[in-house]
Amino acid sequence: GGQNGEKYNSPFVEMLSSLLPGGTGMGGQEAANPIDAIDFAVDKKSGLTLEAMAHELDLGLSSREWFVTGKVLPELFSDRFAFQDPDVKLKGIENYARGVHRLFDQKTARAEVVLCVVNTTVANTITVTWRLSGSVKVGPGFDIKPYVVYTDLKVDPSNGLVIFQEDRFSLPGWDLLLSAFFPFLRPMLAPAAAPVEELRKEMCPV
């Protein structure tokens, strides 16, 4: 596991996490981290309706792109927040913020929101569709083939705060790894995601 209790589903991914700056896993510390400026003890914005929370998340993610920057709005998240994706699980919004900030190259990584809506089939859930691109800071650094991520944000009905986040990827992990480590194979793999403007037209037809 990682420094802040991350649990990895793959020994290979756990090994890669040790190659991040600092070498202490996804949630480790770093000097002069802008995440230090975030007040994680801020008063919570409790009692929002699901639609109001979706609006807050859409505005915040569009301006702060915290899926890659880590610049979260802690007031929207429960103290019992937990995260998982196909590779890693962790607990705590601060651990999540520090982890993604450390993983992604802050000069190139983008988390461009395509759609942020209340999920009509899963109760108490807001689903964000977004395009991930840029680089990760694993070892010497690797470019990410742009792909679409579907993030389900589960809201605690007792207070309206986000309590759980699960990321689902449009491409399998092996495709993403091969594309990163062996770029010459990309023509034989799934294509990169279209630019975000095209994705928005496709998913949000007027």
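Two strands are taken to pair if DSSP finds at least two bridges between them. In the predicted model described here, strand β5 (residues 125-136) and β6 meet this condition, pairing in the antiparallel sense over eleven bridges. Within this pairing, R131 has V148 of β6 as its bridge partner. The hairpin of β5 and β6 has five residues between the strands, and G139 in this hairpin adopts a positive phi near 55 degrees.

Strand β6 also pairs with β7, again in the antiparallel sense, over seven bridges. Here D152 is matched with E166, its bridge partner in β7. These two strands likewise form a hairpin, with six residues between them, and G160 in the turn has a positive phi of about 80 degrees. Strand β6 is mostly covered, with eleven of its 14 residues buried.

The chain as a whole contains six helices and seven strands. Along the sequence, these elements follow the pattern β-α-α-α-β-β-α-β-β-β-β-α-α. Of the 206 residues, 46% count as buried. Of the contacts between residues at least 6 apart in sequence, 64% join residues at least 24 apart. The exposed area of the chain is about 10100 Å², of which carbon and sulfur atoms supply 58%.

Confidence in the prediction varies along the chain. The average pLDDT is 88, and 84% of the residues score at least 70. Over residues 23-30, however, pLDDT stays under 50; for this segment the model has 37 contacts beyond four places in sequence.

Helix α4 (residues 93-103) is mostly covered, nine of its eleven residues being buried. The buried set consists of I93, N95, Y96, A97, R98, G99, V100, H101 and R102. These buried residues of α4 pack against one helix, α3 (66-69), and against the strands β2 (77-84), β3 (88-91) and β7.

Aromatic contacts were examined next. The structure holds nine aromatic pairs. One of them joins W66 and F67 in an edge-to-face arrangement, at 6.5 Å centre to centre and with 80 degrees between the planes. Both W66 and F67 are buried. A second pair is formed by Y147 and F169, whose ring centres lie 5.5 Å apart; their planes stand at 75 degrees, so this pair is also edge-to-face, given that planes over 60 degrees apart are classed in this way. The pair links distant parts of the chain, with Y147 in strand β6 (residues 142-155) and F169 in strand β7 (residues 162-169), 22 residues apart.

The two members of the latter pair fall into separate exposure classes. Y147 has a relative accessible area of 8% and is therefore buried, since the class requires a value under 20%. F169, with a relative accessible area of 22%, is partly exposed.

Ring pairs also link W66, F67, F77, F81, F83, Y96 and W130 into a cluster. Several members of this cluster belong to elements already described. Y96 is one of the buried residues of α4, and W66 and F67 fall in α3 (66-69), an element against which the buried residues of α4 pack. F77, F81 and F83 lie within β2 (77-84), which is likewise among the packing partners of α4, while W130 lies within strand β5 (residues 125-136).

How values were computed. Residues are numbered from 1 along each chain as its sequence is written. This is a predicted model: local features need pLDDT of at least 70, side-chain atom pairs count only at pLDDT 80 or more; totals for chains, interfaces and linings use all residues. Side-chain values use heavy atoms; hydrogens and water are left out. Rings of Phe, Tyr and Trp (its six-membered ring) pair if their centres lie within 6.5 Å; planes under 30 degrees apart count as stacked, over 60 as edge-to-face and the rest as tilted. Buried means under 20% relative accessible area, exposed over 50%, partly exposed in between (1.4 Å probe, protein chains only). Helices (H or I, at least four residues) and strands (E, at least two) are DSSP runs, numbered from the N terminus. pLDDT is the predictor's confidence in each residue, from 0 to 100. Contact means heavy atoms within 4.5 Å. Accessible areas come from the Shrake-Rupley method with a 1.4 Å probe; for residues, only the protein chains shown count as cover.
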